[in-house]
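Me: Could you take a close look at one part of this model for me? I'd like to see one residue in its surroundings, and then how that fits with the rest of the chain.

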Amino acid sequence: MKENLILLHGALGSQVQLVELNAILSEEFNVHLLDFSGHGGQPPDIAFSSDLFVRDTLQYMDRHQLHIAH
């Protein structure tokens, strides 16, 4: 069974930048991509912070029932 892998984009980025990497890694992993709040065309709802991006990641994991991921 493949392990879960969440690819996180950098500042001013979006998940679109990771599509090619997703294609490569999906042979070995269940790859997940997400856009942080205020990225990928989403309007920011609060000021950017590390805490916000952690919240985004944990919410993504909850929505997709990912109990563990790299």
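Reply: Happy to; here is a walk around Gln15, followed by the chain as a whole and its salt bridge.

Please keep in mind that this is a predicted model. Gln15 sits in the loop that links strand 1 (3–7) with helix 1 (19–25). Is the residue buried or exposed? Neither label fits: Gln15 is partly exposed, at a relative accessible area of 26%. Once its neighbours within four places in sequence are set aside, the contacts of Gln15 are His9, Leu33, Leu34 and Asp35. Take Leu34 from that list: 19 residues separate Gln15 and Leu34 in sequence, yet their C-alpha atoms are 5.7 Å apart in space.

Stepping back, the chain has 2 helices and 2 strands, in the order β-α-β-α from the N terminus. Its C-alpha atoms fill a box of roughly 40 × 25 × 15 Å along the principal axes. Of the contacts with a separation of 6 or more, 55% join residues 24 or more positions apart. Buried residues account for 31% of the 70 residues, and the accessible surface is about 5000 Å², with 57% of that on carbon and sulfur atoms.

What about charge pairing? Side chains of opposite charge can pair when their charged atoms come close. The whole structure holds 1 salt bridge, formed by the side chains of Arg55 and Asp56 at 3.6 Å, N to O. Arg55 is partly exposed, with a relative accessible area of 31%, whereas Asp56 counts as buried because its relative accessibility is 9%, under the 20% cut-off.

Notes
Residues are numbered from 1 along each chain as its sequence is written. This is a predicted model: local features need pLDDT of at least 70, side-chain atom pairs count only at pLDDT 80 or more; totals for chains, interfaces and linings use all residues. Side-chain values use heavy atoms; hydrogens and water are left out. A salt bridge is a side-chain nitrogen of Lys or Arg within 4 Å of a carboxyl oxygen of Asp or Glu. Buried means under 20% relative accessible area, exposed over 50%, partly exposed in between (1.4 Å probe, protein chains only). Helices (H or I, at least four residues) and strands (E, at least two) are DSSP runs, numbered from the N terminus. Contact means heavy atoms within 4.5 Å. Accessible areas come from the Shrake-Rupley method with a 1.4 Å probe; for residues, only the protein chains shown count as cover.
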